[in-house]
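Subject: Handing over a structure

Hello,

I am passing on to you the structure that I have been looking at, and below it I set out what was found. Please keep the sequence and the 3D view open while you read.

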Amino acid sequence: MAAPAQNLRINGDRLWDSLMEMAKIGPGVAGGNNRQTLTDEDAEGRALFQKWCEDAGCTMGLDQMGNMFARREGTDPEALPVYVGSHLDTQPTGGKYDGVLGVLGGLEIIRTLNDLDIKTKHPIVATNWTNEEGTRYAPAMLASGVFAGMHTQDWAYDREDAEGKKFGDELNRIGWRGDEEVGARKMHAFFELHIEQGPILEAEGKDIGVVTHGQGLNWTQITVTGKDAHTGSTPMPMRKNAGLAMARILEKVDEIAWSHSPHAVGAAGHIDVYPNSRNVIPGKVVFTVDFRSPDLDVITDMVNRLRVAAEDIVEEMGLQIEFEKVGGFDPVTFDEGCVKAVRDAAERLGYSHTDIISGAGHDACWINRVAPTAMVMCPCVDGLSHNEAEEISKDWAAAGADVLFHAVVETAEIVE
């Protein structure tokens, strides 16, 4: 298939303006965004994306998990579409680019093709996957996971947030539950543009990360149960302090991750302490340990060692413990042909690039199981993400979208 001409570029100013316009929906308290999945703000962001897509001549598909598919027709009605996208939902204190760049980068491809009156053999579909972040509803990449057959739809619908609201109910409430069967679509390929969420590209002065693999991860939710008691009047030997047990377990998490350095990592980012009162010894804690590595055997070892260490700690303290795997996926190797399309695009456009392993989970990690898939990454300042101070430059965004454009359009095949 013929590669797009070297001089073809997306409209970087239009992409940036779209990013800034989307960022007005669900503003955070410190310059970022709080547009968590299935909230009113999520619904508003979806509506804006749909309007933009329809203005670009696309038809919008919507499946029963709320995944959005904006289709630009190809010349061959039998040709499978090339999909491109990411997610519009954010962390509670999220940035303006995580996920959103990939969705609007997909839209920008379609807008640019329209500007240049370029036709492709394969349709191109700009995609917004529901609940990639996994903050309000665990696990992360929930809807793409259902699409790829990793979870059942009923199980996903029954996921509850901290207030006990079910995923399925909230999807209905905001009006973004479609009728289309999840996973019924067949893909020629899938591409995802994302900010790196790490410091490597900026530190090495590279414009583009060619993502060859993705780290695997395991999320283990741990519930430790002790006994609520007055902090002032309960003698030390008589305490059943669930908070103290958690602290000791988290020391072990750090120790276990360090034992597999430099490529393994581990921490607990989600912690609930009950009753969370200043003068009450915690009677219960619920926290999620996040272990990641590009090596499945390492992940397995870390999880097994955590269970043994945690059980020893609570047994010694006279407490109870429960474990539940609430998320995870094996390490990912992306499709060689799609990865080559990304690398060739960076070369053709003259952007500096390096192969990179994604340290974060992405919808592409699940879609890779059902279609040839690859990812493009651009740098972010100080590698900071999942933070309202997350920042990229307009040039970085444009470079990433340029490479995405070339990889997607080459795969979709230009019709002369």
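Let us begin with strand β6, residues 189-195, where seven of the seven residues are buried, so the strand is largely enclosed by the rest of the structure. Please bear in mind throughout that this is a predicted model.

In a regular strand, side chains alternate between the two faces of the sheet. In β6, A189, F191, L193 and I195 point one way, while F190, E192 and H194 point the other way, and all of them are buried.

Which strands does β6 pair with? One is strand β3, residues 82-86, which runs parallel to β6 and is joined to it by three bridges; if you would like a place to start looking, V82 has A189 of β6 as its bridge partner. Another is strand β16, residues 373-378, which also runs parallel to β6 and is joined to it by six bridges, and here F191 has A374 of β16 as its bridge partner.

The cysteines come next. How many disulfides are there, if two cysteine sulfur atoms must lie within 2.5 Å of each other to count as one? The count comes to zero. C58, for example, is in no disulfide, since the nearest cysteine sulfur, which belongs to C53, is 5.4 Å away, and C58 is buried, with a relative accessible area of 8%. C378 is likewise in no disulfide, and the nearest cysteine sulfur to it, that of C380, is 7.3 Å away; C378 is buried too, with a relative accessible area of 0%.

Helix α12, residues 394-412, offers a small check that you can follow by hand: at 1.5 Å a residue, its 19 residues should span 27 Å, and the end C-alpha atoms are 26 Å apart, which agrees. The helix is mostly covered, as 16 of its 19 residues are buried, and just after α12 you will find E413, which takes a positive phi of about 70°.

Finally, there is one annotation from a record: an unreviewed UniProt entry places the feature "domain: Peptidase M20 dimerisation" at residues 215-313. In the model, the end C-alpha atoms of residues 215-313 lie 29 Å apart, and the span is 35% helix and 34% strand.

With best wishes

Definitions and conventions
Residues numbered from 1 in each chain as written. Predicted model: local features only at pLDDT ≥ 70, side-chain atom pairs only at ≥ 80, totals over all residues. Heavy atoms only, no water. Helix = DSSP H or I, 4+ residues; strand = E, 2+ residues; numbered from the N terminus. Expected span 1.5 Å × (residues − 1). Buried < 20%, exposed > 50% of the residue type's maximum accessible area, 1.4 Å probe, protein only. UniProt positions renumbered as here; feature names shortened; annotations may be inferred. Disulfide = S-S within 2.5 Å. Pairing = 2+ DSSP bridges.
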